[in-house]
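Please open the model in your viewer and keep the selection panel at hand. The tour below moves from one selection to the next and says what is to be found at each stop.

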There are 2 protein chains.
Amino acid sequence: MKEDFLTNFREIVIETPVDIIIRQIRELISSGQLKAGDRLPSERILSERFGVGRTYVRDAIRKLEFYGILKTHPQSGTVVSGLGIIALEGLITDVLQLNGNDFNSLVETRVLLETNSAYFAATRRTDDDLMGIKKALAAYELAVVDGRPSMEEDLMFHLKIVEATKNSVLMSLMMIVTPDILSFFTKNKVCSGDKPISALREHYEIVEHIENQDADKAKASMRNHLDDLLNVPN
Amino acid sequence: MKEDFLTNFREIVIETPVDIIIRQIRELISSGQLKAGDRLPSERILSERFGVGRTYVRDAIRKLEFYGILKTHPQSGTVVSGLGIIALEGLITDVLQLNGNDFNSLVETRVLLETNSAYFAATRRTDDDLMGIKKALAAYELAVVDGRPSMEEDLMFHLKIVEATKNSVLMSLMMIVTPDILSFFTKNKVCSGDKPISALREHYEIVEHIENQDADKAKASMRNHLDDLLNVPN
DNA sequence: TGCTAATATTTGGTCAACCAATTAATTGGT
DNA sequence: ACCAATTAATTGGTTGACCAAATATTAGCA
């Protein structure tokens, strides 16, 4: 009987002061009160505000800095690192602050990022990159021929290409944009009919150009591929 | 000639006390003197042995704990957690890679975003947009001729162009990337000499193309402008 | 001798005070 | 009125001392 009580109480998690501070700072960022490039209040102010020792504040900042969310400049201040914001979960929509009719912006930006990713990927791809891309393409093809929903495999294929660019910032930006794209398409039930078949052919074409390291053709084929996609919602 | 020295010296990485301790602990583990499950000497002993303050030792332990290499038990001791040892091997190189080529990615991505922004801005600009851009350009020119630091006005000019694209996602991404760009340039004291003069001329050229709504030329002139900028740090 | 309980020591955790670098404010001179 | 140099305030960095929990040691008894 006593065991039951124990198992119930087990779920209680002690929240250390550090965790509390981290949560609060994260909320400040995700709510938009702290934007990219903004300066954090000084450690002393924060410690006073939270009613805890400065050590806790420092530890919290260190941890967030480790995640890449904050950047500390000695004797100057601590600022919010823009690219690190990506690490925050569920924050994406807040960052982009999408308002319904902005979907065109979203797609347009994706096209922009991806066409150039194809260009860079064709330029810098290693054999490992190529193998990863082909693997993702195979998974996508498998989903298509089975008639299964292939949206996830499709996105994975595209992300693999971005990965091959060796551009971490480009990768990060794609990670920001991708979830919103995905949520829209799943919500609007696009991606039906015989679209995946033609898309598959285009995927093969893109991979071929990347394999041959023909950057311009890779870019062009990616643009062609995404233009098809762009005509659907519009 | 001086350039050669610079490129040689660039590779020097300042090793903070924390990094030194991390390296030493790493060596202790990889040499087998510290096996999984072993207890680390107390923080006081370590600080005395390394000849540094206990804070450094604590920070180093925290960092290693973050990687999953160590596990601290309050009021008891710190033990080596066997699982994360693989991660420890590439730890330092990972950190260096992140800090090293990230800037290239940053600049490359900025060029990408901005050149296409110029394109879209030329296509969609309203008269109000044009006025705003010219206003920002005037402010920039004023700063340049006064010899004042013109970095902020420069960025404002670029942001105004992005604004004219009417693409909110593009705008958001630029806002994410911009602070990191800015912090780098202010830190490395670039943007000196007669650079602003030529930059000013290029700005005028960009505005001219945007005014004439010549998208391709606007894009080309923006690329030319940013390529100059890209050649500085590299 | 063997075991328990009281005690001393060691442990990581926490705090307040101080340091040097940076930034803001003030002053003094032109 | 403006600008330079000096001073004051603020910042993150660092240190040593102190705290409670955990452990090792010792004292005391059967």
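Throughout this tour, helices (H or I, at least four residues) and strands (E, at least two) are DSSP runs, numbered from the N terminus. The model is a predicted one, in which local features need pLDDT of at least 70 and side-chain atom pairs count only at pLDDT 80 or more, while totals for chains, interfaces and linings use all residues. Residues are numbered from 1 along each chain as its sequence is written, chains are lettered from A and ligands numbered from 1 in the order in which they are written, and side-chain values use heavy atoms, with hydrogens and water left out.

**DNA strand D**

Begin by selecting DNA strand D together with the residues near it, a residue being near a molecule or strand if one of its heavy atoms lies within 4 Å of it. The selection holds 20 residues, and the closest of them are Arg44(A), Arg54(A), Arg58(A), Thr55(B) and Tyr56(B). Seen from the DNA side, 55% of the atoms of strand D within 4 Å of the protein belong to sugar or phosphate, and the rest belong to bases.

Colour these residues by class next, counting Ala, Val, Leu, Ile, Met, Phe, Trp, Tyr, Cys and Pro as nonpolar, Asp, Glu, Lys and Arg as charged, and the others, Gly among them, as polar. The surface near DNA strand D then divides into 3 nonpolar, 11 polar and 6 charged residues.

Which residues of chain A should be shown for their polar contacts, that is, pairs of N or O atoms within 3.5 Å? Three to display are given here, with their distances to DNA strand D:

- Glu43(A) has a polar backbone atom 2.9 Å from a phosphate oxygen of DNA strand D.
- Arg44(A) places a polar side-chain atom 2.5 Å from a base oxygen of DNA strand D.
- Gln75(A) has a polar side-chain atom 2.8 Å from a base nitrogen of DNA strand D.

Now widen the view to the elements that give two or more residues to this surface, which are helix 3 (43–50), helix 4, strand 1 (70–73) and strand 2 (77–80) of chain A, together with helix 4 of chain B. Helix 4 of chain B gives the most to the surface near DNA strand D, with 3 residues.

**The hairpin of chain A**

Stay on chain A and select strand 1 and strand 2, which run antiparallel and are joined by 4 bridges; two strands pair if DSSP finds at least two bridges between them. Thr72(A) stands opposite Thr78(A) in strand 2, and His73(A) stands opposite Gly77(A) in strand 2. The two strands form a hairpin with 3 residues between them, and Gln75(A), in the turn, has a positive phi of about 60 degrees.

**DNA strand C**

Move the selection to DNA strand C, which 19 residues surround, the closest being Tyr56(A), Arg44(B), Arg54(B), Arg58(B) and Gln75(B). Of the atoms of DNA strand C within 4 Å of the protein, 57% are sugar or phosphate atoms and the rest belong to bases. By class, this surface has 2 nonpolar, 11 polar and 6 charged residues.

Among the contacts to display, Ser42(B) has a polar side-chain atom 3.4 Å from a phosphate oxygen of DNA strand C, and Glu43(B) has a backbone N or O atom 2.9 Å from a phosphate oxygen of that strand. A base nitrogen of DNA strand C lies 2.8 Å from a polar side-chain atom of Gln75(B). Helix 4 of chain A gives the most to the surface near DNA strand C, with 3 residues.

In chain B, strand 1 and strand 2 form a hairpin with 3 residues between them, where Gln75(B) in the turn has a positive phi of about 60 degrees. Leu70(B) stands opposite Val80(B) in strand 2 of chain B.

**Helix 4 of both chains**

Finally, select helix 4 of chain A and helix 4 of chain B, whose axes (lines fitted to C-alpha atoms, for helices over the stretch in contact, with angles from 0 to 180 degrees between N-to-C directions) come within 12 Å and cross at roughly 45 degrees.

Conventions: A polar contact is a pair of N or O atoms within 3.5 Å; within protein, one must be able to donate a hydrogen and the other to accept it, and residues adjacent in sequence count only if both atoms are side-chain atoms.
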